[in-house]
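Biologist: I am new to this structure and would like a close look at one part of it, followed outward into its setting. Where would you begin, and what would you show me along the way?

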Amino acid sequence: MSARGRTALPYLYLLPAFLFFVPFVLVPFVHTVGLSFYDWDGLTAAAFTGFDNYREAFDSALVRSAFGHALGLVFFFGVLPVLLALPLAVSSARARIPGGNALRTLIFLPQAIPVVVVGVSWGWILALDGPLNAGLRALGLEWAAVDWLGSFTWALPSLGLVGTWTLLGLCVTLFFAGLQQIPGSLYDAAAVDGAGRWREFFAVTLPGLKGPITVALSVTVIAALRAFDLVFVTTRGGPGTETVVPGILIYRRAFEDGRLGSAAAIAVILSIVVFAVTFLINRISERNA
Amino acid sequence: MTVAHTTVTRSAAILISFAVITVLPIFGIVLLSLQPEQAQLSGFELPDRLHFENYARAFAVAHFASYLQSSLIVSVAVVVGTVIVSTLSGYAFGTMRFAGEKVLFYLLLAGLVIPFEAVIVPLYVELRAGRLTNSYWSVILPLIAINSSFGTFWMRAYFRQVPRQLLEAATLDGAGSLRILWKVLLPGARPALLTLVVLVFMWSWNEFLLPLVMLSREDLRTAPLGLAFFSSRYTTDRVGMAAAAVMVALPVVVLFMATHRRFVHGMWVGALKS
């Protein structure tokens, strides 16, 4: 083989991947950024409008509330599952429960189910005449039975808790795997030092789980910011605009209202938020090394 | 030892209650799917008998045979495409040294953090101009593209941990790079490839936004898309909806159950990407 052929070889192997990646991800992403500076209905000529789409987005109460709702979902999709999964993984790892693996697999199961299936299923469970309210009535809590997804107060937290249900198992699995990597000698040393259970947790377990916690938060927080499927098949943003999230706004403006430039601007803002949050989570975790 | 014993009991109780909370809604939907047609129930009630005919009805009358077929075509094509391009690129990144290696790798890795919402608008406009919307290609090609980011990352990690002596010995024997890949590396890569196949299949099967935007023809609809339309159109047929939901989830749930150990490991390593 000639020297020239040898140097070209790696690029030949990369070519197929880039033949897909460049036209279907990279170029459209650059176009989204470009499009965000135009006013375009998708059919007639586009007009350059500078930062107007961004100005409109920042001034719009609807856009601001959409990002606010996404932030609320971050709590339910990310923070809550991590807080629940930590004691769950730690206690089940040290107790060596018979059948523990099978139980953890069950808790992980919702992660494998298509989000659309999760959405229509919970739509039934949370309906006014659904099983959740039937259970509440059976317990004599008639007053607590509401139309969960149709309520201005409860729609967003309800969707959030569906997210908690979906993502808890992922966090438990990640933490449980992480716990197996912590050397037992660290626990022995802590025991020799006379550390109690809490000190042991903060001195050995928590630092040892830094990697898995970082991964769990990155994955779940991105899932919260990008929530679309679940909202689309359950509330479509309602009641009113109580559960409108950025993904729903992008879809509506681009494919229902014919405001492609505005949709692109929101998409760019969403991307920046996702990049920033991913960077921040990983940065904080490195700093605490 | 009574202290340790209560700890185990309490931990087990906590774990079991979370498992029950997780499984209860799934159990409820499966139970609902076996009720008599048009049953309007509000609780978890046992049906008089198991009405499997709901599945036949959803399969034939509600077009789920066609939706499932579309999903299968799309998912299999995406898996085949992603595995091929990711194996080739992962091989280059994992075993070869070349100029621009880092830049190209991180460029491809950006696909892991770019939200799909941020490419969907121009993607639709461009595929419409190329008359590709309303064809399986409009879903398959972008999914291969976005999944090849993870696929490359995943296969590169595999190829990197192959002992260098193995590669050097094969090179000394005069084997070309493609031959080394095929004869020396791929036979040992089967566990890594299987994980990639399972993950990409699930991601493709579950994808919603892309087919929602690209496919308006009913005969092309994928299973999640068909379910979303079905549940919004037949709001009173909850039994039918439940049967359809179970059918849409079943292929990926079975796949998950059959491979979950490997899958969970894949999630773990794969999640480290971001």
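**From one residue outward**

Modeller: I would begin with A:Gln180, a residue of helix H7 of chain A, which covers residues 155-181, and I should say at once that this is a predicted model. A:Gln180 has 7 other C-beta atoms within 10 Å, and it therefore counts as exposed, since the cut-off for that class is 12 or fewer. Along the chain A:Gln180 lies 77 residues from A:Asp257, and in space the C-alpha atoms of these two residues are 52 Å apart.

Set against this exposed residue is helix H5 of chain A, residues 115-125, of which eleven of the eleven residues are buried, so that H5(A) is largely enclosed by the rest of the structure. The buried residues of H5(A) include A:Val115, A:Val116, A:Val117 and A:Val118, and also A:Trp122 and A:Trp124; A:Gly119, A:Ser121 and A:Gly123 of H5(A) are buried as well.

Still in chain A, helix H13, residues 260-287, is worth following through two packings. One of them is with helix H10 of chain A, residues 210-225, where the two axes come within 10 Å and cross at roughly 170 degrees; H10(A) and H13(A) are therefore roughly antiparallel to each other, and their crossing is right-handed. On the H10(A) side the contact is made by residues including A:Lys210, A:Leu217, A:Val221 and A:Leu225, while H13(A) brings, among others, A:Leu270, A:Val274, A:Val277 and A:Ile281. Sorted by class, the contact of H10(A) with H13(A) holds nine nonpolar, five polar and one charged residues.

The other packing of H13(A) is with helix H2 of chain A, residues 52-59, whose axis is 9 Å from that of H13(A), at an angle of about 70 degrees. That angle makes H2(A) roughly perpendicular to H13(A), and H2(A) passes H13(A) in a right-handed crossing. Here A:Asn53, A:Tyr54, A:Glu56 and A:Ala57 of H2(A) meet A:Gly261, A:Ser262, A:Ala265, A:Ile266 and A:Ile269 of H13(A), and the contact divides into five nonpolar, three polar and one charged residues.

One of the residues in that contact, A:Ile266, leads on to the interior, for it is listed with A:Cys171, B:Leu227, B:Ala244 and B:Ala245 as having the most contacts inside the largest nonpolar core, a set of 164 residues. Helix H3 of chain A, residues 61-95, supplies the largest share of this core, with 14 residues. In soluble globular proteins, nonpolar side chains tend to be buried together. On the chain B side of the core, B:Ala244 touches B:Ala58, B:Ala62, B:Phe64, B:Leu227 and B:Phe230, when residues up to four places away in sequence are left out.

Where the two chains meet, 72 residues of chain B are in contact with 70 residues of chain A. Helix H1 of chain B, residues 2-32, gives the most to the chain B side, with 14 residues, and by class that side has 53 nonpolar, 16 polar and three charged residues.

Chain B itself contains twelve helices and zero strands, and its C-alpha trace spans about 70 × 70 × 30 Å along the principal axes. Of its 274 residues, 44% count as buried. Among the contacts in chain B with a separation of 6 or more, 78% join residues that are 24 or more positions apart.

Two of those helices, H3(B), residues 64-95, and H6(B), residues 137-160, have axes that come within 6 Å and cross at roughly 40 degrees. That makes H3(B) oblique to H6(B), and their crossing is right-handed, while the residues of their contact comprise 15 nonpolar, twelve polar and two charged.

To close, B:Phe116 makes a useful counterpart to the residue I started from: B:Phe116 lies in the loop between helix H4 (101-109) and helix H5 (120-129) of chain B. With 22 C-beta neighbours inside 10 Å, B:Phe116 counts as buried, whereas A:Gln180 is exposed. Apart from residues up to four places away in sequence, B:Phe116 touches B:Ile146 and B:Leu209. B:Leu68, by contrast, is 48 residues from B:Phe116 in sequence and 23 Å from it in space, C-alpha to C-alpha.

Methods: Residues numbered from 1 in each chain as written. Chains lettered and ligands numbered in written order. Predicted model: local features only at pLDDT ≥ 70, side-chain atom pairs only at ≥ 80, totals over all residues. Axes fitted to C-alpha atoms, helices over the stretch in contact; angles between N-to-C directions. Helix = DSSP H or I, 4+ residues; strand = E, 2+ residues; numbered from the N terminus. Parallel < 35°, antiparallel > 145°, perpendicular 65-115°, else oblique. Left-handed = near helix turned anticlockwise from the far one by under 90°. Nonpolar A, V, L, I, M, F, W, Y, C, P; charged D, E, K, R; others polar. Core = buried A, V, L, I, M, F, W, Y, C linked by C-beta atoms within 7 Å. Buried ≥ 20, exposed ≤ 12 C-beta atoms within 10 Å, placed from the backbone. Contact = placed C-beta atoms within 7 Å.
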